[in-house]
Structures are given as C-alpha cells and as structure tokens.
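Biologist: I'd like to learn how to read a helical model by going through one feature at a time. Could you walk me through this one?

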Amino acid sequence: MANTLQAEKRIRRNDRRAEINKARVSRIRTFVKKVESAIDGGTAESAKAALLAAQPELMRGVAKGVMHKNTVARKISRLAKRVKALG
C-alpha cells in the first residue's frame with residue numbers, strides 16, 4: 001500500500017498509462033491482423049496496402065515505448081517477406 005501522496009499519485013498515473021498502452025497494443029495487433037488476413041485471402045495489392053498502413057503504427061508503438069524496436073523490426077520483416085512472396 002502506498003505510504004506517501006507521491007506514491008498514491010504514481011499508482012493513479014500508472015493505471016491511466018496502462019489503459020492507454022493497452023489500447024495502443026490492441027490497435028497495433030489489429031493492423032497486423034489486417035495484413036495477415038490480406039495475405040491469406042486477398043490479392044498482393046491489398047496485402048501491400050495493409051502492410052503500408054501497419055508499418056507506421058508499429059513504429060509508433062516503438063516511439064511510445066509499448067513495443068521493443070527489434071520486435072517490431074522482426075514483425076515488419078516477416079510480414080514484408082510474406083507479402084513479397086505473393087507476387
């Protein structure tokens with residue numbers, strides 16, 4: 001339990017930030033899922049467009065500190081490889 005006013009404020013702030021970060025990660029996952037579904041069932045053009053929309057979101061996750069830089073680089077690389085294989 002928090003013993004000081006600052007510790008109580010820190011708890012409140014951490015709760016607010018956790019909600020915001022949770023929403024950010026969820027948004028990023030949605031963009032990645034759109035790319036994967038376009039790869040599975042769509043054309044190469046729709047997959048490419050979905051990847052171009054997902055890349056800035058993934059990088060924004062890095063900038064905001066909710067995802068690690070190397071994790072995002074790996075995800076983008078793997079998605080790009082799959083999109084390129086479509087044609």
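**Reading the helices**

Modeller: Let's start with burial: H3 has Val72, Ile76, Leu79 and Val83 as its buried residues. They sit on the same side of H3, because they cover an arc of only 70° around the axis. That arc is taken from the directions that run from the helix axis to the C-beta atoms. Before we go on, this is a predicted model, where local features need pLDDT of at least 70, side-chain atom pairs count only at pLDDT 80 or more, and totals for chains, interfaces and linings use all residues. Residues are numbered from 1 along each chain as its sequence is written, and side-chain values use heavy atoms, with hydrogens and water left out.

Biologist: What do "buried" and "exposed" mean here, and which residues are exposed on the other side of H3?

Modeller: Buried means under 20% relative accessible area, exposed means over 50%, and partly exposed is in between, with a 1.4 Å probe and protein chains only. Across from the buried side of H3, the exposed residues are Arg78, Lys81, Lys84 and Ala85. Arg74 is also found in helix H3, and it counts as partly exposed because its relative accessibility is 39%.

Biologist: How are helices picked out, and what span should H3 have?

Modeller: Helices (H or I, at least four residues) and strands (E, at least two) are DSSP runs, numbered from the N terminus. The expected span of a helix is 1.5 Å times one less than its number of residues. H3 covers residues 69–86, so its 18 residues should span 26 Å, and its end C-alpha atoms are indeed 26 Å apart. After H3 comes Gly87, with a positive phi near 140°.

Biologist: What about the span of H1?

Modeller: H1 has 37 residues and should span 54 Å, which agrees with the 54 Å between its end C-alpha atoms. For H2, the 21 residues reach 30 Å from first C-alpha to last, close to the expected 30 Å. Just after H2, Gly65 has a positive phi too, about 85°.

Biologist: Which helices cover the buried residues of H3?

Modeller: For that you need contact, which means heavy atoms within 4.5 Å. The cover over the buried residues of H3 includes helix H1 (5–41) and helix H2 (44–64). In H1, the buried residues are Ile28, Phe31, Val32, Val35, Ala38 and Ile39, and their cover includes H2 and H3. In H2, the buried set is Ala47, Ala50, Leu51, Ala54, Glu57, Leu58 and Gly61, and these pack against H1 and H3.

Biologist: Glu57 caught my eye. Why does Glu57 count as buried?

Modeller: Glu57, in helix H2, counts as buried because its relative accessibility is 9%. Leaving aside neighbours within four places in sequence, Glu57 is in contact with Arg27, Ile28 and Phe31.

Biologist: And how do I read a packing angle?

Modeller: Axes are lines fitted to C-alpha atoms, for helices over the stretch in contact, and angles run from 0 to 180 degrees between N-to-C directions. Angles under 35 degrees count as roughly parallel, over 145 as roughly antiparallel, 65 to 115 as roughly perpendicular, and the rest as oblique. H1 and H2 pack at about 160°, with axes 9 Å apart, and are therefore roughly antiparallel. Their contact includes Phe31 and Val35 of H1 and Ala54 and Leu58 of H2.

Biologist: At what angle do H2 and H3 pack?

Modeller: H2 and H3 pack at about 175°, with their axes 10 Å apart, and so they are roughly antiparallel as well. Among the residues making the contact are Leu51, Leu58 and Val62 of H2, and Val72, Ile76 and Leu79 of H3.

Biologist: That leaves H1 and H3. How do they pack, parallel or antiparallel?

Modeller: H1 and H3 pack at an angle of about 25°, their axes 10 Å apart, which makes H1 roughly parallel to H3. Val32, Val35, Glu36, Ile39 and Asp40 in H1 meet Leu79, Arg82, Val83 and Leu86 in H3.

Biologist: Last one: what is the handedness of the crossing of H1 and H2?

Modeller: A crossing is left-handed if the near helix is turned anticlockwise from the far one by less than a right angle, and right-handed if clockwise. The crossing of H1 and H2 is left-handed, and H1 passes H3 in a left-handed crossing too.
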